[in-house]
Amino acid sequence: MDAPTPAAGVRGCPFACAPTGGTAAPVGHRRATPRSPAPAVPDPVGLARGVLDVVRRRGKHFLPESLLVRLDGLRHPAPADPYFAAFLDCVLDKYDGRFHNRTYLALPLLETMLDDPTTGMDPDRLSAVLMSDVVRFELAATGADRPDDRTLRTRLRHARRFVELCSTDGAGGGEPTGAVARWLDATALPVSVLHDEYFFIRALQCHELTFIVLVADVRAATRAVRAGAPEAAEARLRHAIEVFARAALLFRIVATMRAATFHTFREFTQGASAIQSDQYKRFEAACGAPSRARLRSDAFAGVPVVRDEVLAGQDDLSRAVLDSRRPGATGWDGLGAAIAELEGAHQRWKAAHRGVAGRMLGTAAGSGYTEGVPYLDRCMDNRLFGDLSAA
Ligand code: HEM
């Protein structure tokens, strides 16, 4: 990767006079000097935009130490604005030595948008906003490393299709407003300045949001089974099967990236991997309790919160069906068929993921420190509803 370009002062930022040249922030850095009290931040959005200006020209991996030290000072006491607090959490991850999937993808900021009742956001709408932002970004790009016309057309076609699939209520891909408009730019924090890392981050963010929807579907189906309503459970699983088609589209989008580009920026993403995706593992655990071996494996080591949820004991669809099903009674055959289709959709999702990963990664190890493709090959043997088919 090219050396980072020298950054100018941070526009619109109280620290604009701070020297911004200097070395990249070392991962694992610990602050050496005592913190001074945080100055008031009258314009958190303006300050974040100033920081983003530097991120866009250097990459988050290469932020100057002087800027990071000053941003660190703004965390004590914690900022009152939840968006600004989430932004600092994400932008200072490498400085703190806790770079991770969650902060790489700016999930704290996206969750703040979902939690904020003024935004009207749900995971579908936010996915549409994020993928529409990819379309905007790709069309506006002028850099030398933007994709060729053919690749661009393919990427845009898949991205627009994804937006359509997220917008079944017609409300999806519109222009963001309010807090989402103000903070959207801050949710893309590439570690490098390579063009393709931007859409890669957006695709992974959409993956997280998609799996929030899938978890909600499976949990609702579980409650319906417990309530003796297999038809209602089937309806939620049919929705989940449709959502999986959208999830698979993300791999087609990512497949438009050149492997060489991926290898260039992944040098700076070590330690952040979708193996740490809470939502993906939550989905798996909502379908059926993971085996003891899987709970102890790399797969769950990166998601301690979800592992604790499982160990604390929680209901899942497999257990609910085993407790309640009445073969031959109305509704149960349809539910069984939907469960089998969901299993098939997940197997196809894993095969598509393995295909893209194999092409991009070759024999290299994963950024989550597994052996890479051999790990994904073994994952193909896992089943969401293994307990059900064994019963
Ligand atoms: C350049 C493209 C990609 C490559 C090379 C890749 C590679 C990998 C590798 C090697 C792993 C194993 C964990 C590790 O060591 O990091 C993994 C896990 C995972 N990846 Fe990807 N991936 C890619 C794109 C994606 C995309 C686009 C998504 C979602 C849309 C995704 C979702 C996941 C998930 C959920 C896991 C955890 C699987 C499990 O633990 O069972 N990946 N990926």
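**Exercise 1. State how many helices and strands the protein has, and describe its burial and contacts.**

The protein has 20 helices and 0 strands, where helices (H or I, at least four residues) and strands (E, at least two) are DSSP runs numbered from the N terminus. This is a predicted model, in which local features need pLDDT of at least 70 and side-chain atom pairs count only at pLDDT 80 or more, while totals for chains, interfaces and linings use all residues. Residues are numbered from 1 along each chain as its sequence is written. Of the 391 residues, 44% count as buried, meaning that 20 or more other C-beta atoms, placed from the backbone, lie within 10 Å of the residue's own. Among contacts with a separation of 6 or more, 78% come from residues 24 or more positions apart, a contact being a pair of C-beta atoms within 7 Å.

**Exercise 2. Determine whether α10 is enclosed or open, and compare its span with the expected one.**

Begin with the span: α10 has 32 residues and reaches 49 Å from its first C-alpha to its last, close to the 46 Å expected at 1.5 Å a residue, the expectation being 1.5 Å times one less than the number of residues. Next, consider burial: because 25 of its 32 residues are buried, α10 is largely enclosed by the rest of the structure. Finally, just after α10, G228 takes a positive phi of about 75°.

**Exercise 3. Identify the residues that touch the most other members of the largest nonpolar core, and trace where the core comes from.**

In this core of 101 residues, those residues are F87, L109, F162 and V218; a nonpolar core is a set of buried Ala, Val, Leu, Ile, Met, Phe, Trp, Tyr and Cys residues joined through C-beta atoms within 7 Å. Helix α10 (residues 195-226) gives the largest share, 16 residues. At least three residues are drawn from each of domain 1 (35-96) and domain 2 (188-390), with bounds from an automatic or database domain assignment. Leaving aside residues up to four places away in sequence, V218 touches A240, F283, A286, C287 and L317.

**Exercise 4. Characterise the shell around the ligand by its nearest residues, its elements and its polarity.**

Of the 27 residues around the ligand, S273, A274, G366, G368 and T370 come nearest, a residue being near if its C-beta atom, placed from the backbone, lies within 6 Å. Two or more residues come from each of α10, α11 (230-254), α18 (332-361) and α19 (373-379), and α18 provides the largest share, 5 residues. The shell divides into 18 nonpolar, 9 polar and no charged residues.

Terms used
A residue is buried if 20 or more other C-beta atoms lie within 10 Å of its own, exposed if 12 or fewer, and partly exposed in between; C-beta atoms are placed from the backbone. Two residues are in contact if their C-beta atoms, placed from the backbone, lie within 7 Å. Ala, Val, Leu, Ile, Met, Phe, Trp, Tyr, Cys and Pro count as nonpolar, Asp, Glu, Lys and Arg as charged, and the others, Gly among them, as polar.
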